[in-house]
Every structure is written in C-alpha cells, then in structure tokens.
Amino acid sequence: MTTTTKSVAPASDYKPDDSGRLLEVDNLFVEFHTAEGVAKAINGVSFDLHQGETLAILGESGSGKSVTAQAIMGILDMPPAVIPSGAIRYCGQDLLTMPEDQRRRARGPEISMIFQDALSSLNPTFPVGWQIGEMFRQHRGMNKSDAYAQAVRLMERVAIPGAKDRVKNYPHQFSGGMRQRIMIAMAIALDPAVLIADEPTTALDVTVQAQIMALLAELQEERQMGLILITHDLGVVADVADRASVMYAGRIVAQAGIEDLYARPAHPYTRGLLESIPRLDQKGQTLAAIGGLPPNLTRIPPGCAFNPRCRMAQDICRTDVPELRHVANQDSACHFAEEVLNG
Amino acid sequence: MTDSLAVSVQPTAGEDVGEARSLAQDAWRSLRKNKIFWISVTLITAFVLMAVWPSLFTRTDPTFGDINNVRDTPSGAHIFGTDGQGYDIFARTIYGARASIIVGILTSLTTLIVGGVVGIVAGFYGGWIDAVVSRITDIFFAIPLLLGGILFMASFPNNPQSTPYLVIVGKVVLTLTIFGWPSIARLMRSSVLQVKPNEYVLAARALGASPLRIIRSHILPNALAPAIVVSTINLGGFIVAEATLSFLGIGLTPPAISWGVAISDALVAVRTYPHILLFPSLFLSLAVLAFILLGDAVRDAFDPKSR
Amino acid sequence: MADVILKADNLYKHYPIKGGVLRTTTGQVKAVDGVSFELQRGETLGIVGESGCGKSTLGRVLMRLEEPTSGTVNFDGVDMYSQSGSAMRKLRRDIQIVFQDPYTSLNPRKTVGDIIGEPFEIHPDVVPKGGRKKGVQELLEMVGLNPEHINRYPHQFSGGQRQRIGIARGIALRPKVLICDEPVSALDVSVQAQVINLMEKLQDELGLSYIFIAHDLSVVRHISDRVGVMYLGRMVELGTEEQIYQRPTHPYTQALLSAVPVPDPLMRGKREQIVLTGDVPSPANPPSGCRFHTRCFKAQDRCKVDDPELIDRPDGVGEHRSACLFAEPRVIVETVDVSDVEVDTRFASTDVVDLDAFAEDDGLLPADAASVAQGSQVVGETEGPLDRPADTNRLIDDEPTEQRDPRV
C-alpha cells in the first residue's frame, strides 16, 4: 500500500487502436509443469476484444477457459504454470513482457476480473466498504473517508439497497447475489477498459442470475467496457454475448458471431452441445449426448483433440490438427467444417 | 493452485488401465517416493530392533558396573564411554530404547483406541451425548499432560525394587493415556463430523444400514487417517513424557534402564563429563524426530493439500 | 387418482435455531412448511425452486432421512412415519434416493462393487450371496458402465460415470420410487444429457416413479410429467408440465420462467423479463400472508394478510393448483413442440451407453477420468471437475444448526 502508487500510469499510456481493439491474445500457450507430467492447458489461443463488445468464452471443465482468463489477468501461479510462447497485448503493449510492477498497476484501472465464488473472493475479516475502498487507496492514494465515500457510490451503482448503512457490513452479512454485486463494484471501481467475468452467475439462482447479468450489461453499455464472459451456460451466452469462442482441450475450436454460432454451427462439438441441452421453450425434445470425456490434458490425442468423441471423425482427424479457419462468416477448427455447416 | 497439484495429477495412467487403485494405494505410491519417509522408517526400525533385541547391537552387559573405569570418555573399549557407575553408556543407551519404545507405542495405541471410540461416539450420535462427552474431554484436555502425570504417578505406591518391570511400564502407559486421549478424541470427533454429512453416509442410511454398519464401513475408514497421523506424531511426545517422568524420578526408576533415567543420572556431572548426557539425549531426540517425521510423511501422503 | 404410489400430506420440517449461552431454541427455520402432493405410479414429478426453498429437505423428509416435524406420507398404502425398525427397513427397498454430488455420494474407500453391492448386504434376502457379484455386474451394465470395472474405486471415474454408479446403487433393490436430488446439476452440459437419457430409459424398463428435484427449469421440463414449484418451504403451484410451463398462474412461477435464458440468440430482447427485486427472505422469518408478497409484482394489501391455499384455480384452458389470490395465466415462453423432430445423430447420440467405458484404446480411458477431472484443477479451472459448485443449492437446505467443523 505505497503512497507512490498515486502516480498511476496516466490513462494516455493505453489507447485502443483505431478499430477500438483493446485486447489481443496471440497464439497463447500455457502449460502446467507438475511432477507427473506436463498438462497442456492452452494450446495456441488467439482472439481479440473491442471496446463495448461482449465476447463469450464457452467451454466445459478442463477446456482452459478459466486459465485463459487468469493468464490475461496475470494471476496464474508460476510455477507450476509456464507460458512457453504467445503474447497478450493490451492496447498494443504485451502484458507478458511488461515489468511486473507496471503490469500490477494495470490490474484494476485497465483490466479487472470477477470470480464465480464471491464469498471466497471477499476477505471475511474486513467490511465490504473497506475492500471496495482499497482499490482507491491503493491505486489512487485516497484517504480512508474518501475511499469509503467512493465505496458507497459504487455500492449504490450496483444497486445494493441501503448502501450507506451497509458499507461497514462484512461479506457474510450479504446474500449470494449481493456479494456478487460487491465483487462487481470492486471490479468496476477504477473504470477498467476490460472486464473479465469468470462464471459470474454459476453459483447463483436463476432469478438472481438474471439480475446480475442485467447489471453487467448495463454497466458495460454505460462504460463501453470490453467484457469477456467465461461460462459453460449456452443460455446465458445467447442472451448477452456479441461473439463467442468455443474452447475444447485448450484450443478455440469455433468462433463466431452469436447468431451464426447457434443457427449455423460449423464445428461438430458446438453442434453436439446444442443437441444435448434441454430447452425451456421446447417440449417433447429428444436429447442427444456427446459420448465420452474431454481428454486428459497431459495426453491430448494426436490430430483433432475432439476426434475420439466425434461421430464424423475420419483418418485425417487422427493425424492432422485442424487449423481455425474461416468458413462462411465464422471460424471453425474442423477438417469437415463445410459438411457440418451444410449438413 | 499449487497445493492441489499433487492430488490432481495421477500417475500416468498408461500402465494402470483396468487396475484398481484405492486411495491407500495411491498414498503408498507417493510415500514410496518420499526420502523423509525412508529415513524415518530406517531409524524407527533400528530403534524397534534395539527394543526387541538389544543384544544384537551390543554384547556388553548394561548392568555390569566397572568401578575402575568410571566416567571414561569414549574409547575403543567403551565407544560411548562409561557413566558414573562405570556402566557402559553404549549398552545402556541401547537397552534404554526398550522402555521408551514400549511406552511410546503402547500409549499411542491406547490413546488412539480410547480417544477414537470417544470421538466417534460424540461425533456420530451428537446431541446431549456429544455435549456430555465433549465437556468431559475438555476437562481432561485442560490438565497438562506432565502435571497430571506427575500427580498421578506420585499417588502410586512406589516400590521399584519389588514391582515387575512391565507393571511399572504399564503404570506409565496408563498415566499418559489418561491425560493423552483427549487430543485424539477431539480430532476424531471433528473428522467424524466432517465425514458424516457426506452423501454416501446418507445413502447408506437411506438403504437402511444400521449405525454400527455405517460407522464401520463408512465413517471409520474415512475419518481415521488424521487420527493415525497425529498418533504417530504424538508417539514422539509420549517418549519425551516418559523420559521426563523418569528424569523426575517418578516414572521408571533405577535399576530399570531408560533414557530418562540415564539423562537424570548424567546431570550430576554435566559440566565435566557432558558425554554421559549427550548419548542418551541424542538417541531420545532421534527417536522422537523419527516418529514425527514419519507422521508428517504419512500425513502428506494421505492429504497432499497440507504441503 | 387410483394409482397414487406416494402421497404427502401437510409435511412440515422445522429446524430449531439454538442460541444464547444455554443453547435454548430461539427460533425455527421453516425449511418445509406445509407441503402436500401425490405421486402417480410410473410418473415423474419435478420439484423446482431456488436455493433455500426447501426442496432438498423435502427429499430427505420423504426418504425419512430426517423426521418431519409433522405431517404424513402414505407410501403405497402404508403410513411411512409410523413404521419402525425392521418394517421401515423393508420399506426402504421400495423408495431410494440419488444424490446431487457424484463426488461426495460415493465412499472413496470402497470399490464400485462394494458400493453397488451394499444394498444387497443390508438386505441379504433380496439376492442370495452367490449371486451378488453377478447382480452388481448386471446393474453396471444396466447403467451403461463396463461390468469389468467392478473393482475400481470412485476416483477413477468421471463425474458422469460416478453419477451412473449412484443411480445403480439407487435401483439395486428395484425400488418403486426413486427420489433424485439434483442428479445432473453437478455435471458438465455434454454429460447431463447422457444421464437424463439413462434415467428415462430406466424408468421405462423398471416402471419407476421419480421425484425429480432440481433448480434447472429446462431439465425439469424435459423429464417431468408433472411439476411442483416451491418457494420458501411451500408449494406455490402444482400442475402438469404443460400447465406449469405454458400457462403458469402464479407470479413466482412466471418470474422464474422468465429469468431462464433460452439458448437462442434470436430470442434476445423478444422475451418478456419479469425482474424480481430483492432477495428470498429468510426461512427463519418468512413473511406473513403470502410468502411471496415481498417480491411480488402483483401484491396487494390482501396478500400481506391472507395466506392463499394451493387449490385449483382457472388457468385459461382448465384449472390447476396455484397458491395465488390473483392467479391468472400468462404466457412466458412460447413453446415449440419438437416431438417429431429427429435428432441429428451425426453429432451426438441418444444412446445411453457410456461409449467411453468400452473404448479401451486411444488414450481416453475411464482410468483417466480422475485425472481428466482433476486435470482441470491442475490447470486452475476454478470450478474443478464440477461445473457447478456442489453446495450452491444447499445453502439453507442443509440442516442449519450443524456446521462442518474446520479440519484440524
């Protein structure tokens, strides 16, 4: 908590390029080196994020979606994590080669993150107002009472009723939905340009989920943030995202505008997922499941990682890794993307 | 995240296909690779051998006092030297292991059984049984082991010459058990409380399993590991407690041979002849260390998150 | 109504809140607060609600894992709560339960054979001793697992496979009723469908009746014949799948349905959203009158005083049970009937066999399951092998007086 942090890198340090591009992840690899082997969590992931855009990263457990977020935030534990290659450019500057303290200063005012489990992400021994205010004390060198005033303002912004009276309450005195609002207040405190939400509503009830997603959408609109929404919920993605990247075994296997992704999926995995979820607006539906399991990340099968579960797999799928390529308005990493698309 | 690594990455499965691997087997697998485990096992084996079969290590009679060679420094004839009575220190240290090891192992076992049963009853049945049992545990827990031990041992009629060795050892074990079980009971209670709400326990109840069956096949196997680990670590503590009691003259007393007795005797001339104190103390410390290391290694194997 | 297999009548389950120095009872958590319904033979009754609504407690009370504070359950003509000792044990053969969390519902120190065989050991007269291994293998096969894996331990299986094992244990004694407490909510989306299909197959083959407790309204719609909606320990609406989803009359049901996102971006902004304000009140201190009036968009002064009964109220077409004084139907989701649409099996399969359990080559072995699941922990997926944290729906449903002790 140094006072020198008052001199935050001035906003002019980071300017999105002319197209409004904030973040560019370029061919990122992440491995986890453990006593038992190397787990290849991310194997060449590239995407970018623009101002005011919501990009969903969809995937199941072990797909690498959370690791991607942690790599961008720079909160991976290294070791065991290793980033052998790739770049994460924020407004043109590579976060991975940036000096650590510069990167730390960017965390909060430039990029911030909210987590799935708000209870364990908040420190139970401090009042919530103190924790929200900490952002201001640390990054802006604000004094205690000003920081509290800012905390109240933010708590009002995220619609916590009676913010003034509750600013000195402790996390356990809030319900799950309210705690997630507090997390959001902390994340937007310093007006970040990029907000990463890692399963923000997974632990919440559906009515509360609707409230939180509405709040996020509203804040994003208001501040023109770039929002990365990490989730496994195809319903939530359909509701809020502009674009989505589908991850499988540490790769992006499909990437498309949201309507194309659902209406014209060009990857068998995406199609399989869509066939396998029950829908609220359908009755008498037959569910079909993708068989098998996602691969062990220490031994990803050669060729397309999805081939053992794919009902279309041919010999080429077992030998050649399909590149993410452009097929009719979207990207798909499948050798038979055209067939999937048109079939 | 680092701490979950050890649990998370299973040994590469290639050769394990179709093979049943229980958690205990996995623990053994990781134990086998642990150097500390092997060091402690070697030491403990040596001490147990000393306790069971001291003549394997020395041919010298520990009860033969060579009055001509009192307080000799280490030499070829007496590699650890001799003490104030002219006894060979090496032989007495070897023979002294027996008392320590017996007291340590027996006390650990009895505290594990008593504390385990009490903890399971309190944790499993809950309610007023738990309240009563837990308060009793707390009362015993509040009495310091050594203070209680001193008071309790002092209240026994003390006639070392006529009491058989095993009875004296038994008294020490009993004393240490009376004041040592509460820590195990509390631990056991909390691990039972942790296991009890698991859905596999509910599933067994839903099937109509009897309480005894639930305890035997679901609660006990899953709640026992921490108690075993702590018992192993406590074992070192009991050896120290025995030595302390003997040192104070209320545990084992001469002619019984024990490290505590030897340390007590050595204090008379500690400034001039420190070697008399050194060797029994060294062995005592090594034995305690060995058990604590073993406990740590076993805990790491069962619960890699604690690393 | 002749063929009712289970009838719950006015069930209450209150947990005392102990407080103060003397640990006297200072209040009651009203987890289940007057619930009545009946389950027909062979049907699936879905029970939905948010955390803390008492649905899991209801499941446990129905199983008599918890004694109710009051109320009766008539199971196949027998009053369940008056049964004692051996009669109750015998009754347990007929009503079984499948739990939510495949990671805590199987004893990690037992082999799959022991786990699925335990019902036979507790009820030794069902299968003679010599036939038990065969019985277990048949069960494994029935739930689509490889019978040769009988000697493996739970951590060697993936979440979906473990849930199959839990189901096998549940059906081992050939029960008439299976209570499923959030059976798929801990599973990855692509695996959920496998387990749902399996449950539907087993229902057909064994003539089971299900009570399917879940928070996921889409899953409940898919599997249920009738649905009950719970709020704060009460059933607020009860009807057929069609009545509840196409013409809900209770404002809470309507709000709940409107909050569920539909996986179709074209529907965005076109669906009516009823946003509820505030949080669910504490079940220790529920509101007077209608429990929902504090959050209800239709609430009138009457609602604070009058406690509406769950009775038949008109829903536009006919009538079904709803506990709202101002019940009126409202279309929340336009339903598309896709009964005739064939699934494109080129991408996914309607098969219930877990393909993976039989594919023993190519590096995708069930023995890996644990490492796959745990691999996701290695790589820092915060949710670990579960896509939902295991306890999200148990915040209040669990016995509130008992907290887990921290590990020593």
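Student: What does chain A expose, and which atoms supply 49% of it?

Tutor: Chain A exposes about 12,600 Å² (an accessible area from the Shrake-Rupley method with a 1.4 Å probe). Carbon and sulfur atoms supply the 49%. This is a predicted model, in which local features need pLDDT of at least 70 and side-chain atom pairs count only at pLDDT 80 or more, while totals for chains, interfaces and linings use all residues. Residues are numbered from 1 along each chain as its sequence is written, chains are lettered from A and ligands numbered from 1 in the order in which they are written, and side-chain values use heavy atoms, with hydrogens and water left out.

Student: What share of the residues of chain A count as buried?

Tutor: Of its 343 residues, 61% do. Each of them falls under 20% relative accessible area, with a 1.4 Å probe and protein chains only; over 50% would be exposed, and in between is partly exposed.

Student: What makes E1 and E4 of chain C a pair?

Tutor: Strands (DSSP runs of E, at least two residues, numbered from the N terminus) pair if DSSP finds at least two bridges between them. E1(C), residues 4-19, and E4(C), residues 70-75, have 5 bridges, so they pair, in the antiparallel sense. Ala8(C), for instance, has Val73(C) in E4(C) as its bridge partner.

Student: How many bridges join E4(C) to E5(C)?

Tutor: There are 2, so E4(C) and E5(C), residues 78-79, meet the criterion and run antiparallel. Phe75(C) is bridged to Val78(C). In this hairpin, with 2 residues between the strands, Asp76(C) takes a positive phi near 50 degrees.

Student: Why is the set with Leu202(C) and Leu217(C) called a nonpolar core?

Tutor: Because its members are buried Ala, Val, Leu, Ile, Met, Phe, Trp, Tyr or Cys residues joined through side-chain atoms within 4.5 Å. This largest core has 85 residues, and Leu202(C) and Leu217(C) have the most contacts inside it. Helix H6(C), residues 189-206, gives the largest share, 7 residues. A second, separate core of 42 residues includes Phe174(A) and Val208(A).

Student: What makes the largest empty space a cavity, and what is its volume?

Tutor: On a 1 Å grid over the protein atoms alone, a 1.4 Å probe fits at its points but cannot get out, so the space counts as a cavity. Its volume, the space filled by probe spheres set on the points, is about 610 Å³.

Student: Which residues lie nearest the centre of the largest cavity?

Tutor: Gln209(A), His232(A), Asp233(A), His215(C) and Asp216(C), out of 37 lining residues; lining means having an atom within 4 Å of a point.

Key:
Helix = DSSP H or I, 4+ residues; strand = E, 2+ residues; numbered from the N terminus. 1 Å grid on protein atoms, 1.4 Å probe; cavity = no way out; pocket = protein on both sides within 12 Å on 5 of 7 lines; lining within 4 Å.
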